[in-house]
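Here's a quick briefing to read with the model open beside you. Take it one topic at a time, and find each spot as you go.

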Amino acid sequence: MSIWWSLHLPREAASVPLARRLLLGTMETAGVDPEISYDLSVALSEACANAVEHGGGADGGGGDYRVTAYIDGDTCRIEVTDSGPGFPRRPTRPDRGDWAKAPQSRPTARQPAPAQAEHGRGLFLIEALTDRVRYRDRPGHGGVVVSFDKILKWREDSLTGV
């Protein structure tokens, strides 16, 4: 079975639960195990919240972001694409040549946020709740793509007949 959908959403907090509910409804209809659906919905919420908060133009305002979800066989892939400034660049080292000046594909800050912090846990949650995560800048377009995959488990009454 293959299912996919894509949304263009305004960078407003109210768009996050909309994307989450659409994903949960799709997973429920397809017959995905509720625990897997929940993990994916939390990861999606975190990625959308990051796009809303950080995914605008240089002035920090305006813009939309895109959410695309694919179910292909036993895997779900979700991509959240924004138009923000991208991830910070790695510091260059003179002995590494020009390739070190290229944009990095992962955020530089890899330390978890303190327990009392209100921000800074989103990417860690996405990594903890999914099977594979990729971060990349969109050279020439601006913005970031956060993409994550999760192997699906199915309910007995699922559309897959498993």
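Let's start with contacts, meaning heavy atoms within 4.5 Å: of those in the protein between residues at least 6 apart in sequence, 64% join residues at least 24 apart. What you're looking at is a predicted model, where local features need pLDDT of at least 70 and side-chain atom pairs count only at pLDDT 80 or more, while totals for chains, interfaces and linings use all residues. Residues are numbered from 1 along each chain as its sequence is written, and side-chain values use heavy atoms, with hydrogens and water left out.

**The overall layout**

- You'll find three helices and five strands in the protein; these are DSSP runs, numbered from the N terminus, with at least four residues for a helix (H or I) and at least two for a strand (E).
- Read from the N terminus on, the order is β-α-α-β-β-α-β-β.
- Of the 162 residues, 41% count as buried; buried is under 20% relative accessible area, exposed is over 50%, and partly exposed is in between (1.4 Å probe, protein chains only).
- The accessible surface of the protein is about 9300 Å², and carbon and sulfur atoms hold 54% of that. The areas come from the Shrake-Rupley method with a 1.4 Å probe, and for residues only the protein chains shown count as cover.

**How the strands line up**

- Strands E2 (residues 64-72) and E3 (residues 75-81) pair in the antiparallel sense over seven bridges; two strands pair if DSSP finds at least two bridges between them.
- One of the matched residues here is Ala69, whose bridge partner in E3 is Ile78.
- The hairpin of E2 and E3 has two residues between the strands, and Gly73 takes a positive phi near 65° there.
- E3 also pairs with E5, again antiparallel and over seven bridges. Along that pairing, Glu79 has Ser147 in E5 as its bridge partner.
- On another side of the story, E4 (residues 132-137) pairs with E5 in the antiparallel sense over six bridges, and Arg134 has Ser147 in E5 as its bridge partner.
- E4 and E5 form a hairpin too, with six residues between them, and Gly140 in the turn has a positive phi of about 85°.
- Which strands are tucked away? Five of the seven residues of E3 are buried, so E3 is largely enclosed by the rest of the structure. Seven of the eight residues of E5 (residues 144-151) are buried, so E5 is largely enclosed as well.

**Salt bridges**

- The count comes to five salt bridges, where a salt bridge is a side-chain nitrogen of Lys or Arg within 4 Å of a carboxyl oxygen of Asp or Glu.
- Asp149 forms one with Arg77, and the closest N and O atoms are 2.7 Å apart. Asp149 sits in strand E5 and Arg77 in strand E3, so the pair ties together parts 72 residues apart in sequence.
- Those two also face each other as strand neighbours: Arg77 stands opposite Asp149 in E5.
- Asp149 is buried, at 9% relative accessible area, whereas Arg77 is partly exposed at 30%.
- Asp149 forms a salt bridge with Arg134 too, with the closest N and O atoms 3.2 Å apart. This pair links Asp149 in strand E5 to Arg134 in strand E4, 15 residues apart, and both residues are buried.
- Arg155 forms a salt bridge with Glu28, the closest N and O atoms being 3.6 Å apart. Arg155 lies in the segment after E5 and Glu28 in helix H1 (residues 15-30), so the pair ties together parts 127 residues apart in sequence.

**Two residues to click on**

- Asp82 lies in the loop between E3 and helix H3 (122-129).
- Asp82 is buried yet has no salt bridge, and the nearest side chain of opposite charge, Arg138, is 6.4 Å away. For charges, Lys and Arg count as positive and Asp and Glu as negative, while His and the chain ends are not counted.
- The side chain of Asp82 does reach the backbone nitrogen of Gly84, at 3.0 Å.
- His8 is found in strand E1 (residues 2-10). Is His8 buried or exposed? At 58% relative accessibility, His8 counts as exposed.
- Not counting residues up to four places away in sequence, His8 touches Tyr65 and Arg66.

Key
A polar contact is a pair of N or O atoms within 3.5 Å; within protein, one must be able to donate a hydrogen and the other to accept it, and residues adjacent in sequence count only if both atoms are side-chain atoms.
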